[in-house]
Amino acid sequence: MVIEHPELRRPVIHGLLREGETMNVIASPKVGKSWLVNDLALAVATGRQWLETFETEQGNVLIIDNELHRETSAHRIPKVMDARGIPFDDVGDRICVANVRGGLKDIYGLATCFQELSPDRFKLIVLDAFYRFMPRDTDENDNGTMSQLYNHLDNFAARLHCSFVLVHHSSKGSQSGKSVTDVGAGAGSQSRATDTHLVLRPHEEPNCAVLDAAVRSWPPIEPRVLRWQFPVWNPDDSLDPADLQTARARRRRSGARARARTDEPALKAQITKKAKEQGLSARKASRLLRAAEEAELVFRWKFGVTKSVQFATEAQPAGSSVRARTPP
């Protein structure tokens, strides 16, 4: 056997994934998993480095999306390209997107589609989101059932000479106290059956997450903090990956944010003061305010060039003649 197989399988994503392997990408709902995987798909399609960390081997990518409409995919991918400075000509037809939402396609139904593909047509196939490809009445908590699904994916990967990336959600509750392989909704066999189990867990810093992974055919990777800068995740090595967000800290910050909210316009200094009274540092309060403004959760109110800008959770009416509030 050693003579017949003197080398490992060819890399697709150095440090994470090889040809014929599968990789889970796990994170909480609505945190940016699909954006992250779109970024990965573009990296492989163009042979660029992913997240300033992982080298990739260039090849065609197929994204089978069971969650987004065609219009949404057509809107998102160019946004990621623009953020990464990737010209359209560099991508061309290297990425194919099949939006099958509403098409009632499960893992077994995809077999017909895969039979029409020639081997080596795609280097990477992304299934987003994995839970929507599970057959009807499938129990994701049943180890035997989930193992069978991964067996089918292994068969597809072997025939097509490609790798699979499965986008899946984490379980409810805090993930900070779990090992990497325990993050993810459903049976534990999901992390055992896959070759790479990559997870994204909230960091204590707002808009940041810790990327970590358990790998099978690579040396262990070092966890790294990523910062969400719409529409992409970027490394932030100024933060410690060990500072995962705990449930207690999340509740404290959530309560502090709620108490610091104001429907009436207020100066930044007032908002920061209220946040500090609830246990947040001035720096974190300022970052939260900035993030809330970017997410259109708070809005600037202007009262002329001589008055300081104020903030409120309601947008300032057009042509408003409201006077600025005087700080107490």
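Let me begin with burial: a residue counts as buried under 20% relative accessible area, as exposed over 50%, and as partly exposed in between, with a 1.4 Å probe and protein chains only. By that rule Trp 35, at 10% relative accessibility, counts as buried.

What we have here is a predicted model, in which local features need pLDDT of at least 70 and side-chain atom pairs count only at pLDDT 80 or more, while totals for chains, interfaces and linings use all residues. Residues are numbered from 1 along each chain as its sequence is written, and side-chain values use heavy atoms, with hydrogens and water left out.

I will stay with Trp 35 and turn to aromatic pairs, meaning rings of Phe, Tyr and Trp (its six-membered ring) whose centres lie within 6.5 Å, with planes under 30 degrees apart called stacked, over 60 edge-to-face, and the rest tilted. The structure holds nine such pairs. In one of them the ring centres of Trp 35 and Phe 230 are 5.2 Å apart and the planes stand at 70°, so this pair is edge-to-face. It links distant parts of the chain, since Trp 35 belongs to helix α1 (residues 33-46) and Phe 230 to the loop between β10 (224-229) and β11 (232-235), 195 residues apart; helices (H or I, at least four residues) and strands (E, at least two) are DSSP runs numbered from the N terminus. Unlike the buried Trp 35, Phe 230 is exposed, with a relative accessible area of 53%. Ring pairs also join Trp 35 and Phe 230 with Trp 228 and Trp 233 in a cluster.

A further edge-to-face pair is formed by Phe 114 and Phe 164, at 5.7 Å centre to centre and with 70° between the planes. Because Phe 114 lies in helix α4 (residues 110-115) and Phe 164 in strand β7 (residues 163-169), the pair ties together parts that are 50 residues apart in sequence. Phe 114 is buried at a relative accessible area of 2%, and Phe 164 is buried too, at 0%.

Which ring lies under the charged end of Arg 18? It is that of Trp 218, whose centre is 3.7 Å from the charged end, where sitting over a ring requires NZ of Lys or CZ of Arg within 6 Å of the ring centre and within 35 degrees of the ring normal. The charged end of Arg 121 likewise sits over the ring of Phe 122, 4.4 Å from its centre.

Finally, helix α8 (residues 268-277) has Gln 270, Ile 271, Thr 272 and Ala 275 as its buried residues, and just after α8, Gly 279 takes a positive phi of about 105°.
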